[in-house]
Amino acid sequence: NEWLVQGENAQKFEKDFCKLMGQPFGVVTNSGSSANLLMLAALKSKRTYNLKKAKVITPAFCFPTTLNPIIQNGFEPVFVDVTLDDYNMDVDAIENVIDKDCKVLLFSHNFGTPANMDKIMKLVDQYNLILLEDNCDALGSKFDGRMTGSFGDFATHSFYPAHHLTMGEGGAIL
């Protein structure tokens, strides 16, 4: 089979990867960057959250492919600093930036190190935030026995050659 994009193998991978991640559905994209862009764009859909404008809380230290889709989709980034021990978002500082316009929390598990999901999930529940995980750098990492990329309303993954699992290129949104 010489099919290169979105063929039978991609469809099988989507099903198998969703099963691995414990998610009901997902789609393979051309890159993790595109998966992030689609994830933010999906928030604007009438079939999901129908957000027109919103503030998105995100780490001040992040990948351009995490930040740029926020801006490209017309949302306003609200920055939270990171901790120097793991370069993940300072979870204790998130609550300081939340206001009535903050609807979304988007972050990556930097360098494969899971963020403190216990604290994050408490804030998500308390403030009714939409949780988006950029899991492009942390595929296979676990927090308290649970896979990163399985906590959020959406999560993205990257299969770029420098990451943990590669398909030559590509990404996924679940």
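**Exercise 1. Find where Lys44 sits, and say which surface patch Lys44 helps to form.**

Lys44 belongs to the loop that runs between α2 (32-42) and β2 (55-59). Keep in mind as you work that this is a predicted model.

Next, check how open the residue is. Buried means under 20% relative accessible area and exposed means over 50%. Lys44 has 33% relative accessibility, so this lysine counts as partly exposed.

Finally, look at its partners: Lys44, Lys46, Lys52 and Lys53 form a positive surface patch.

**Exercise 2. Work out how the buried residues of helix α5 are arranged around its axis.**

Start by listing them. In α5 (residues 117-127), the buried residues are Met117, Ile120, Leu123 and Val124. Now look down the axis of α5: these buried residues fall within an arc of 125 degrees, so they line one face of the helix.

Then turn to the other side of α5, where you will find Lys122, Asp125 and Gln126 exposed.

**Exercise 3. Locate Phe111 and Asn128, and examine the phi of each.**

First, a reminder: most residues other than glycine have a negative phi.

Take Phe111, in the loop between β4 (102-108) and α5. Phe111 is not a glycine, yet its phi is positive, at about 55 degrees.

Move on to Asn128, which lies in the loop between α5 and β5 (130-134). Asn128 is also a residue other than glycine, and its phi is positive, near 55 degrees.

As a last step, ask whether Asn128 is buried or exposed. Its relative accessible area is 67%, so Asn128 is exposed.

Technical notes
Residues are numbered from 1 along each chain as its sequence is written. This is a predicted model: local features need pLDDT of at least 70, side-chain atom pairs count only at pLDDT 80 or more; totals for chains, interfaces and linings use all residues. Side-chain values use heavy atoms; hydrogens and water are left out. Patches are made of residues with over 30% relative accessible area and no salt bridge: like charges are joined within 9 Å, nonpolar side chains (Val, Leu, Ile, Met, Phe, Trp, Tyr) within 5 Å. Accessible areas come from the Shrake-Rupley method with a 1.4 Å probe; for residues, only the protein chains shown count as cover. A salt bridge is a side-chain nitrogen of Lys or Arg within 4 Å of a carboxyl oxygen of Asp or Glu. Lys and Arg count as positive and Asp and Glu as negative; His and the chain ends are not counted. The place of a charge is taken as NZ of Lys, CZ of Arg, CG of Asp or CD of Glu. Helices (H or I, at least four residues) and strands (E, at least two) are DSSP runs, numbered from the N terminus. Buried means under 20% relative accessible area, exposed over 50%, partly exposed in between (1.4 Å probe, protein chains only). The arc is that of the directions from the helix axis to the C-beta atoms.
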